[in-house]
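Dear colleague,

Please find below the structure for your records. My notes on selected residues come after it.

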Amino acid sequence: MRIVRYALVIALLLALGHDAFAQSLPAVTVSQLSNGQQTYSLSIQVLALMTALTVLPALLLSMTAFTRIVIVLAILRQALGTPQTPPNQVLIGLSLFLTFFVMSPVFTRAYDEAVVPYMAGEQDALTAAKNAIVPLRGFMMDQVRENDLKLFVELSGHEPYAGPEEVPLSVVIPSFITSELKTAFQIGFLIFIPFLIIDLVVASVLMSMGMMMLSPMLISLPFKIMLFVLVDGWSLLVGTLASSFLA
């Protein structure tokens, strides 16, 4: 739960760090009318913050390990032939907590370099947000493929950058997401192969026995589940996913 708190605080810093929030504005404005009554109105800061908070979760998930993990788990479910098991809530929950596990060093560094100085009054919100972005940028640059980064640099119409620290987030984020999609589908392809072999063997046996009206998926399902359990598939897959970000 400490990592969850780190992520939430960093998300708030990212929202508060926008140029529009560089100046301190009152959250609620109280106006005195001529008849003695008072009216209350929300400032633009609060409205912009509430709008940013609706976008920040999706943005942060796109900048973390969540994309690769959730896609691989979804492909595994299809390969097993159980499109509804585990349910979506379980897969998303597992993906989120595995993402927090993988991203814990990044979140801890962002917390130490941005949140702690900001809470101590040593940095303003804009500086803290910039410092919080640095670990996330480093994580994305470590995972992004050179071809994908080069593609989006060319699409942006900019000359090649002198170093990775000069690449803007508008280029890094789509390059990172594209790289994660490629990696996730490569892992999913390797997961699919053994289950596909089981389906082919079962279909061939049923064809040779003349049972063409019997669905091969119905017969192969328990064998695929048995194989997955015997090789301790969940531990193997989760461990592989976590270690894939360390390579």
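The notes below cover backbone geometry first and then two buried residues.

Please bear in mind that this is a predicted model.

Backbone geometry. Most residues other than glycine have a negative phi, and most peptide bonds are trans. Two places in this model depart from that pattern. The peptide bond that joins Thr 85 and Pro 86 is cis, with an omega of about -5°. Pro 86 belongs to the loop between α3 (66-80) and α4 (88-119). Asp 232, although not a glycine, has a positive phi of about 55°. Asp 232 sits in the loop between α8 (216-230) and α9 (233-244), and its relative accessibility of 45% makes it partly exposed.

Thr 82. This residue is also placed in the loop between α3 and α4. Thr 82 counts as buried because its relative accessible area is 15%, under the 20% cut-off. A polar atom of the Thr 82 side chain lies 2.7 Å from the backbone oxygen of Thr 85. Beyond residues up to four places away in sequence, Thr 82 touches Arg 77 and Leu 221. Thr 82 and Leu 221 are 139 residues apart along the chain, yet their C-alpha atoms are separated by 8.2 Å.

Lys 224. This lysine lies in helix α8 and is buried, with a relative accessible area of 0%. Apart from neighbours within four places in sequence, Lys 224 has contacts that include Ala 79, Leu 80 and Gly 81, as well as Phe 195, Ile 198, Asp 199 and Met 217.

With kind regards

Conventions. Residues are numbered from 1 along each chain as its sequence is written. This is a predicted model: local features need pLDDT of at least 70, side-chain atom pairs count only at pLDDT 80 or more; totals for chains, interfaces and linings use all residues. Side-chain values use heavy atoms; hydrogens and water are left out. Helices (H or I, at least four residues) and strands (E, at least two) are DSSP runs, numbered from the N terminus. Buried means under 20% relative accessible area, exposed over 50%, partly exposed in between (1.4 Å probe, protein chains only). Contact means heavy atoms within 4.5 Å. A polar contact is a pair of N or O atoms within 3.5 Å; within protein, one must be able to donate a hydrogen and the other to accept it, and residues adjacent in sequence count only if both atoms are side-chain atoms.
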